[in-house]
Amino acid sequence: MDQPGGVRRYFQGLVYAVDTRSENPDSNFYAFPLPIIPVMDFEKREIVRIDELATGGAGDDLVPAAPRTGAILDHCAPAEYVPELLPGGTRKDLKPLSVVQPEGPSFSIKDESLVEWQKWRFRVSFNPREGAVIHDVYYDDRSVLYRLSISEMTVPYADPRPPFHRKQAFDFGDGGIGHAVNNLTLGCDCLGVIKYFDGVLCTPEGKAEKTSRVICLHEQDNGIGWKHTNWRTGRAVSTRRRELVVQFIITLANYEYIFNVRHLNSWDLQDIPLTKC
């Protein structure tokens with residue numbers, strides 16, 4: 001922390017106003033950020049100061065505005081995401097889309113963690129520090145990868161205005177990404193015939209604790225793989241782009257990270273969609 005005369009261990013906290021008007025406990029907790037950051041001395045457990053934030057508008061000079069009293073959220077528009085709080089609810093113009101595999105999936109599981117699919121073979125594991133880990137990846141009996149995991153994810157907000165210049169998160173290392181993992185559900189997080197993998201986390205008391213359905217394995221159709229039409233005969237030949245997906249999802253405050261390791265016919269890639277509340 002920026003403190004002259006020595007190094008102290010300080011924490012800074014982000015503050016939000018809670019909108020209780022809907023009386024719904026799932027109302028968006030992050031919809032109303034407040035322009036203050038309390039700074040705490042971790043050793044003394046004391047608030048040493050409260051920093052005022054730049055707001056992006058007239059408040060950037062950090063001149064304190066007149067304090068608001070009474071109903072401080074009345075001038076704010078809500079930003080909700082749960083269906084029952086959305087104006088008009090969710091969309092009504094989409095019909096159900098079902099993924100059906102009447103003969104079952106094309107992958108097989110051995111020894112609880114060994115996955116075989118087409119010419120691919122690999123193992124899946126989970127740990128509190130990295131989440132899902134892929135081991136010993138082989139394609140057509142050729143070693144492709146020894147170990148695939150994410151060691152760290154840093155989010156530098158890169159705003160030079162104080163106190164934002166201190167704001168940078170190490171999403172994996174600060175808390176251990178496995179402790180933020182979701183329990184995946186059929187029909188929403190994964191579709192089709194699913195294989196779920198459980199994980200083991202460590203409690204604050206140092207005990208092992210099983211957590212269910214932290215990784216899901218499934219196949220998905222991603223359009224046309226290739227196609228060619230013989231213009232002389234009019235015959236067309238095409239294939240579908242079948243993918244095998246190893247997926248886990250984490251929630252860090254107002255962020256969701258969806259990690260997809262996708263195995264195709266001849267190569268491997270990792271896709272990380274991000275959603276923010």
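"Buried" here means under 20% relative accessible area, "exposed" means over 50%, and "partly exposed" is whatever falls in between. Keep in mind throughout that this is a predicted model.

**View A. The lone disulfide, C190 to C216.** Searching the whole structure turns up one disulfide. Its partners are C190 and C216, with their sulfur atoms 2.0 Å apart. The torsion about the S-S bond is about -80 degrees, so this disulfide is left-handed. C190 sits in the loop between strand 10 (168-170) and strand 11 (195-202), while C216 belongs to strand 12 (residues 208-230), so the bond ties together parts that are 26 residues apart in sequence. How much of C190 and C216 can a probe reach? Not a lot: C190 has a relative accessible area of 1%, so it is buried, and C216, at 0%, counts as buried as well. For contrast, have a look at another cysteine, C202: its relative accessible area is 42%, which makes it partly exposed.

**View B. Y255, a position with a modified-residue record.** UniProt, in an unreviewed entry, lists Y255 under "modified residue: 2',4',5'-topaquinone". That comes from the record, and such annotations may be inferred rather than shown by experiment. Where does Y255 sit in the fold? You'll find Y255 in strand 14 (residues 255-263). Is Y255 buried or exposed? With a relative accessible area of 14%, Y255 is buried, because the cut-off is under 20%.

**View C. The largest nonpolar core.** This core has 33 residues, and the members that touch the most others are F122, I134, I215, I250, Y257 and F259. Quite a few strands chip in: two or more residues each come from strand 5 (114-117), strand 6 (120-127), strand 7 (131-139), strand 11, strand 12, strand 13 (235-252) and strand 14. Which strand gives the most to this core? That would be strand 13, with five residues.

**View D. A nonpolar patch out on the surface.** I36, I47 and I50 make a nonpolar surface patch of about 270 Å². One of these three, I47, lies in strand 3 (residues 46-52). I47 has 52% relative accessibility, so it counts as exposed, since the line is drawn at over 50%.

**View E. The salt bridge between E116 and K110.** Side chains of opposite charge can pair when their charged atoms come close. The count for the model comes to 13 salt bridges, and this view picks out one of them. E116 pairs with K110, the closest N and O atoms being 3.4 Å apart. On accessibility, E116 comes in at 25%, which makes it partly exposed, and K110 is also partly exposed, at 42%.

**View F. The salt bridge between D141 and R121.** D141 forms a salt bridge with R121, and the closest N and O atoms are 3.4 Å apart. This one links distant parts of the chain: D141 is in the loop between strand 7 and strand 8 (142-148), R121 is in strand 6, and they are 20 residues apart. Which class does each partner fall into? D141 has a relative accessible area of 61%, so it is exposed. R121 has 27%, so it is partly exposed, lying between the 20% and 50% cut-offs.

**View G. The salt bridge between R147 and E130, plus a charged network.** R147 pairs with E130, their closest N and O atoms being 2.8 Å apart. Distant parts of the chain are linked again here, with R147 in strand 8, E130 in the loop between strand 6 and strand 7, and 17 residues apart. R147 is partly exposed at 38% relative accessibility, whereas E130 is at 13% and counts as buried. Elsewhere, salt bridges that share partners join R241, E243 and R262 into one network.

**View H. S238 beside G225.** What separates the C-alpha atoms of S238 and G225? The distance is 7.3 Å, for two residues that are 13 apart along the chain. S238 is part of strand 13. At 45% relative accessibility, S238 counts as partly exposed, because it stays below the mark of over 50% needed for "exposed".

Conventions. Residues are numbered from 1 along each chain as its sequence is written. This is a predicted model: local features need pLDDT of at least 70, side-chain atom pairs count only at pLDDT 80 or more; totals for chains, interfaces and linings use all residues. Side-chain values use heavy atoms; hydrogens and water are left out. Helices (H or I, at least four residues) and strands (E, at least two) are DSSP runs, numbered from the N terminus. Buried means under 20% relative accessible area, exposed over 50%, partly exposed in between (1.4 Å probe, protein chains only). A disulfide is a pair of cysteine sulfur atoms within 2.5 Å. Patches are made of residues with over 30% relative accessible area and no salt bridge: like charges are joined within 9 Å, nonpolar side chains (Val, Leu, Ile, Met, Phe, Trp, Tyr) within 5 Å. Accessible areas come from the Shrake-Rupley method with a 1.4 Å probe; for residues, only the protein chains shown count as cover. A salt bridge is a side-chain nitrogen of Lys or Arg within 4 Å of a carboxyl oxygen of Asp or Glu. A nonpolar core is a set of buried Ala, Val, Leu, Ile, Met, Phe, Trp, Tyr and Cys residues joined through side-chain atoms within 4.5 Å.
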